[in-house]
Amino acid sequence: MRKANVLLVTMAAAGLICLAGCSIQTKDRNEKLRDIEFTVLGEESIPEELQTIVEEKKEKEFKITYQDGDFLYICVGYGRQETGGYSITVNDLYLTANAVYVDTNLIGPDPGEKELYGRREEGASYPYVVLKTEYLDKSVVFD
């Protein structure tokens with residue numbers, strides 16, 4: 001009976017050591033290696049094929065990537081909004097050992113602006129952002 005208890009304790013300790021090792025490795029893999037430089041593209045600068053995809057998806061929220069030659073395009077759309085006056089901030093775009101991480105936020109219009117935009121004929125808007133950066137052979141994680 002005593003050998004069984006020693007074996008059980010040894011196996012439990014080995015399991016805990018393995019779990020601790022996995023969490024350390026995961027943390028290292030998600031650690032920021034460097035910021036990634038990017039350009040925010042206007043509609044006229046978006047590749048035609050990508051613009052077609054964005055137009056098809058703009059009604060609902062979307063997160064897509066597109067690769068064209070030496071460039072990676074990261075697109076985040078926030079779907080239909082009832083008024084105009086929205087903007088999008090890019091909080092972070094960085095590289096880790098296993099992925100590219102991107103974090104964006106939709107910022108709504110100020111209350112006074114919302115009233116102004118609500119009176120315009122066009123009404124609804126479809127805010128999205130397209131980021132152009134160097135091509136990196138990594139998965140993109142949207143935060």
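**Exercise 1. Place Gln81 in the fold.**

Task: find which residues Gln81 touches beyond four places in sequence, then say where Gln81 lies and whether it is buried or exposed.

Solution. Start with the contacts: setting aside residues up to four places away, Gln81 touches Tyr86, Leu106, Ala124, Ser125 and Pro127. Next, locate it along the chain: Gln81 sits in the loop between strand E4 (71–78) and strand E5 (87–95). Finally, check the accessibility: Gln81 comes out at 15%. The cut-off for buried is under 20%, so Gln81 counts as buried.

**Exercise 2. Decide how far to trust the coordinates.**

Task: this is a predicted model, so work out what its pLDDT looks like on average and over residues 4–10.

Solution. Take the chain as a whole: the mean pLDDT is 83, and 73% of the residues score at least 70. Now zoom in on residues 4–10: the pLDDT there is below 50. That stretch also has 0 contacts in the model beyond near neighbours in sequence. The lesson is a general one: where pLDDT is low, don't read the predicted coordinates in detail.

**Exercise 3. Sketch the overall architecture.**

Task: say how many helices and strands the protein chain has, and in what order the elements run.

Solution. Count them up: 3 helices and 8 strands. From the N terminus, the order reads α-β-β-α-β-β-β-β-α-β-β. Then look at the contacts between residues at least 6 apart in sequence: 71% of them join residues at least 24 apart. For burial, 28% of the 143 residues are buried. The accessible surface is about 9,700 Å², with 51% of it belonging to carbon and sulfur atoms.

**Exercise 4. Rebuild the open sheet.**

Task: work out the strand order of the open sheet with 4 strands, and the sense of each pairing.

Solution. Begin with the order, which is E1-E5-E6-E8 with mixed pairing. The edges are strand E1 (34–35) and strand E8 (139–142), each pairing on one side only. Now walk across the sheet:

- E1 and E5 are antiparallel over 2 bridges; here Asp35 has Tyr94 of E5 as its bridge partner.
- E5 and E6 are also antiparallel, over 8 bridges; Asp92 stands opposite Asp103 in E6, and a hairpin of 3 residues joins the two strands.
- E6 and E8 are parallel over 4 bridges; Tyr101 stands opposite Val141 in E8.

**Exercise 5. Classify the aromatic pairs.**

Task: find how many aromatic pairs there are, and classify each from its ring geometry.

Solution. The count is 2. For Tyr66 and Tyr73, the centres are 5.9 Å apart with 55° between the planes, a tilted pair. Both rings belong to buried residues: Tyr66 has 14% relative accessibility and Tyr73 has 4%. For Tyr94 and Tyr101, the centres are 5.4 Å apart and the planes are at 10°. Planes under 30 degrees apart count as stacked, so that is the label for Tyr94 and Tyr101. Tyr94 and Tyr101 are buried as well.

**Exercise 6. Map the nonpolar cores.**

Task: list the residues of the largest nonpolar core, and find which element gives the largest share.

Solution. The members are Ile36, Leu72, Ile74, Val76, Tyr78, Leu93, Leu95, Val100, Val102, Val129, Leu131 and Leu136, 12 residues in all. The elements that give two or more are E4, E5, strand E6 (99–107) and strand E7 (128–134). E4 supplies the largest share, 4 residues. There is also a second, separate core of 10 residues, with Leu41, Leu50, Phe62 and Val130 among them.

**Exercise 7. Zoom in on Ile74 and Val102.**

Task: say where Ile74 lies, whether it is buried or exposed, and which residues Ile74 and Val102 contact beyond four places in sequence.

Solution. Ile74 lies in strand E4 and counts as buried because its relative accessibility is 0%. Its contacts are Ile64, Thr65, Leu93, Val100, Val102, Val129, Val130, Leu131, Val140 and Phe142. Val102, in turn, is in contact with Ile74, Asp92, Leu93, Leu131, Val140, Val141, Phe142 and Asp143. One more distance to check: the C-alpha atoms of Ile74 and Lys63 are separated by 7.7 Å, with the two residues 11 apart along the chain.

Note on methods:
Residues numbered from 1 in each chain as written. Predicted model: local features only at pLDDT ≥ 70, side-chain atom pairs only at ≥ 80, totals over all residues. Heavy atoms only, no water. Buried < 20%, exposed > 50% of the residue type's maximum accessible area, 1.4 Å probe, protein only. Contact = heavy atoms within 4.5 Å. Core = buried A, V, L, I, M, F, W, Y, C linked by side-chain atoms within 4.5 Å. Areas by Shrake-Rupley, 256 points an atom, 1.4 Å probe, with all protein chains shown as cover. pLDDT = per-residue confidence, 0-100. Pairing = 2+ DSSP bridges. Phe/Tyr/Trp six-rings, centres within 6.5 Å; stacked < 30°, edge-to-face > 60°.
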